[in-house]
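The exercises below are to be worked with the sequence and the model open side by side. Each task is followed by a solution in steps.

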Amino acid sequence: MLQSFEPKIVGFLCNWCCYAAADSAGVARFQYPPNIRAIRIMCTGRMDPLFIIDALHVGADAVFVGG
Amino acid sequence: MGNFAAKVRRQPRYIDLDLCTGCGICADYCPAIVGDAYRENLALSKAARRDYVQAVPATYYIDPEQCLFQSHEMCRICVSACQAQAINLYEHEDMLDLNVGAVILAPGFGRISEEVLAKYGYGRLPDVVTGVEFELLTSASGPTMGSIIRPSDSEHPHAVAFLQCIGTRDVSCGNGYCSSVCCMYAIKEAIVAKEHEPDLKISIFYMDMRTQGKEFDYARQRAREKGIRFVRSRVAGVKENGKALEISYVDEAGKHLKESFDMVVLPEGLESPRDAQGLAETSGIELNRYDFCRTHAFSPLETSREGIFVAGAFQGPKDVPESVTDASGAAALAAEVLKEVRGTEVETKTYPDEIEIEDEPRIGVFVCSCGTNIGGVVDVKSVAEYAETMDNVVYTDMNLYSCAQNTQETITEKIKEHRLNRVVVAACTPRTHEPLFQETIKDAGLNRSLFEMANIRDHCSWVHAMVPEAATEKSKDLIRMAVAKARGLEPLPEQKLPVIQRALVIGGGIAGMTAALNIAGQGFECVLVEESEALGGNLRRMHATLTGDDPKKLLEDTEAKVRSHPLIKVYTEATVDDVSGYVGNFITSISTNGTTESVEHGVILVTTGGKPYEPTQYLYGRSDQVVTQGELEEKLAGAEEAKGINDVVMIQCVGSRGEDLAYCSKVCCGQAVRNALKILEINPSAQVTVFYRDMRTYGFMEDYYQLAREKGVMFIHFDMDQPPEVTEKQGRIQIECLDKIMGEKIVLEPDLLALSVGIVPSRSEALSKMLKTPLTADGFFLEAHPKLRPVEFSVDGIYLGGLAHGPKPISESIAQAAAAAGKASIPLANGHVTVEPIVSFVDVGTCIGCGICETLCPYAAIRMIKVGKRKKAETISASCKGCGICAAHCPSLSISMGGFTNEQILSQIKALCESA
């Protein structure tokens, strides 16, 4: 039987909003699938398109940018 | 003043603030399930709790009224559950004896009693809810997770009515004043509810829509566009009609109507704080007739007792931006009192010298169990063992609580023992704990930038509690990413830049003078630049205030103080030609009568003011009978001329609120009421008629509006699409307008027509460009954040007060100017600005000087300089916030961010995609 697909998601989260929101989700014990790994940045203004291309290039299945 | 003995009673929390890690296990185990008072009892909570996740301090406490041990001497489960051993159920209250130089009272506001709410069925009809309850229902973190349901049957309502002026503007309950905030918060709740449920039908029943705050009318406009219905009427009562709630009201034409809704919201007003009288007695201050703190119009932050200041809604009902502003202002006034002792009770922490680190990374990884918060889900041992196998990791440890004091000491020892030069802690969130661990490694002689965290609690064990294996794998990935980043971490300099302890205040009206006096009062030099030939600004034109205080005297007194203060240098007929530099280190050239002078200073305050709108409508300028309220005020000040004024008509919102100016000017309704009362004082038989759209006599001004009505001033409402018509017939003006109650046109032929004109901003474009401080669409200066940073700009070292920020009455200008002075004196008092190591850094060798970074920087923190013959970018570290917009847009990859370099981020990406 085929294993279900578990994507590997790279998350770029702004320190001031989305990263904080992910922390709050934790405090509130919201349960969500364990596929995302967050990279903290100080602002989504930091996002260089290179990061997204590189993530997909080295094998990430998806990229999430939250800011 | 300057020497108070305060006795403070401190209630026990039963949980030690220093030991509690905020893990929440006490609440999990606490068997005392109670109503959640913070959520208006719409949810359940425990006796051991934290009210909300952002609470400060972020630790738990035990409610003694609900704790089983406190009431029945049983249970004590939390004591054994708490692995940090932070709980002491035998703690008792203690008394603190404080010797202080100044006192600030900020007890907030109280709640409208349920007895008053009961008039509208609250308590008896379950689907009648308060505004606070409705807000909780719309909140994603509320009891229903943002799902709007009616309490009686948990069904989604289709039609909701908001009834305004609950427990406020209501003499029958003793609260004649207007609570100032309810119209706006009702609109906010209605808009949010519409966003959640677009089909929801919302009607807001109101008397006057008082959205007088900065940009608030735009919110009202948005509410209309979203289909929210506004009905001008005061609702008499709410009745049950089957499953529905029936409300009865009288419309503008006087017709009695009934309408049914699924839910009724009562956006309750603000009451004076509970036990205001007790507080007044203890502190020896006076209250006003509504039990709010008594203050004077020209010293809005000072109580009746010298040295005791007031901030927030205790001074009078007000919203968040004004409360935050007042708080900074009260702090500024207290700082003036405390000037002599500033910095005397400060202990400075010292650190060992930084050690030279080896080139080869030697990484230590500390994996935290956080009691069972992480350890209960993630297999901490296997994670630590995995970390040990990674390149450059020379030491790994597991901690029950990494943040505990003894663990900190262990980490310091291990750094020394294993010559660690990079440290990774896998625990909770860097947003709360990174500074603590950075201190720890500094204590071991490491630069604080050699630290990285992996968030395996908030982003892992807490949110993947049901899938422990996947959580363990994710923890390994997060640690691998952190270690990869740690390999590339470099020590970054911790800079402190000196601040020139002098302020520049631009604009010499009441706001500028107030700010200058406070800054000088705190002991700093101040340069005050005024464009015109005299100080005072709009205050020079004012003759009277609603409260009977004398603006002329305010002007004289303030000007005399400013002129005679040894630390204030005044330039009149002066302009600011150029500003360069950054926080702590500005250079400004000021021209006066053809000569230019250069001034060095550390901060800038923008108090450039505003001016009255010049009307062209309603025959203004064409008939002698048509004047502005300001001109009428002047006529009324000359008593002889005033006696001849018998019949006056006033028209509100001339040019404002969508005509010429899109916004409300906040002061004109009060001005009209004041002039109307003055006319009647001079000539009790005079007839005054006011045509208005919404009378916005918010706060305690409402009393004067009531008084004017009692004295016979006629207030007639008009809609914007049917304004009064003014014509001139045989040299006399004639005003025609529809009286909606009578349903017919009325014609008036007064002696005078006074136009209530709004306030327009001073021409600010040039200054805005010079300072890189933005303007709103209306032309006023735009603050960094309306609630969080209401008197600061996003550019560091520049502050804002008075009409330059937006229209407001004198008292609010004074409070705001004090607030701006308070904020501006922070860098002045510190004498330096600390630069975070995360700032950007430009590689001058590869920079091509294109200037994209300078254009994009929202904080004016990058400038172009000449290096030899070429233009190069340079970071102004003192202003940089580390956002990285410059780095992301640099076409030659010449900008890197401290702690967030391209290489570091790319190494994290790469590490994630390597499998464990």
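**Exercise 1: a helix residue and its distant partner**

Glu336(B) has a relative accessible area of 29% and is therefore partly exposed (buried means under 20% relative accessible area, exposed over 50%, partly exposed in between, with a 1.4 Å probe and protein chains only). This is a predicted model, in which local features need pLDDT of at least 70 and side-chain atom pairs count only at pLDDT 80 or more, while totals for chains, interfaces and linings use all residues. Residues are numbered from 1 along each chain as its sequence is written, chains are lettered from A and ligands numbered from 1 in the order in which they are written, and side-chain values use heavy atoms, with hydrogens and water left out.

Task: place Glu336(B) in its element and list what it touches beyond its sequence neighbours.

Solution. Step 1: Glu336(B) belongs to helix α9, residues 320-337 of chain B (helices, H or I with at least four residues, and strands, E with at least two, are DSSP runs numbered from the N terminus). Step 2: leaving aside neighbours within four places in sequence, Glu336(B) is in contact with Leu517(B), Asn518(B), Gly521(B) and Gln522(B) (contact means heavy atoms within 4.5 Å). Step 3: for Gln522(B), the C-alpha to C-alpha distance to Glu336(B) is 4.6 Å, although 186 residues separate the two in sequence.

**Exercise 2: a serine in a loop**

Task: decide whether Ser402(B) is buried or exposed, and find its side-chain polar partner.

Solution. Step 1: locate Ser402(B) in the loop between β18 (393-399) and α11 (405-417) of chain B. Step 2: its relative accessibility is 1%, so Ser402(B) counts as buried. Step 3: the side chain of Ser402(B) makes a polar contact of 2.8 Å with the side chain of Asn399(B) (a polar contact is a pair of N or O atoms within 3.5 Å; within protein, one must be able to donate a hydrogen and the other to accept it, and residues adjacent in sequence count only if both atoms are side-chain atoms). Step 4: not counting residues up to four places away in sequence, Ser402(B) touches Val367(B), Cys368(B), Thr407(B), Gln408(B), Ile411(B), Val425(B) and Phe437(B).

**Exercise 3: salt bridges across the sequence**

Task: for three salt bridges of chain B, give the N to O distance and the accessibility of each partner.

Solution. Step 1: over all chains the structure holds 60 salt bridges (a side-chain nitrogen of Lys or Arg within 4 Å of a carboxyl oxygen of Asp or Glu). Step 2: in the pair Glu702(B) and Arg169(B), the closest N and O atoms are 2.9 Å apart. Glu702(B) lies in helix α20 (residues 702-710) and Arg169(B) in the loop between β9 (159-163) and α6 (182-196) of chain B, so the pair ties together parts 533 residues apart in sequence. Both partners are buried, Glu702(B) at 1% and Arg169(B) at 11%. Step 3: Lys349(B) and Glu439(B) form a salt bridge at 3.1 Å. Lys349(B) is in the loop between α9 and β17 (363-368), Glu439(B) in helix α12, 90 residues apart. Lys349(B) is partly exposed at 44%, and Glu439(B) is partly exposed at 29%. Step 4: Arg448(B) and Glu836(B) form a salt bridge at 3.9 Å. Their loops, between α12 and β20 (451-455) and between β40 (832-835) and β41 (840-842), place the two residues 388 apart. Arg448(B) is buried at 15%, whereas Glu836(B) is partly exposed at 43%. Step 5: a network of salt bridges links Arg169(B), Asp208(B), Arg210(B), Arg232(B), Glu252(B), Glu702(B), Asp719(B) and Lys740(B).

**Exercise 4: the interface of the two chains**

Task: describe the contact between chain B and chain A by its residues, its buried area and its salt bridges.

Solution. Step 1: chain B gives 45 residues to the contact and chain A gives 40 residues. Step 2: about 3600 Å² is buried between them, 62% of it from carbon and sulfur atoms (buried area is the accessible area, with a 1.4 Å probe, that two parts lose on being put together, summed over both). Step 3: there are two salt bridges between the chains, including Asp477(B) with Arg37(A) at 2.8 Å, N to O. Step 4: 17 residue pairs are in polar contact across the interface, both at pLDDT 80 or more.
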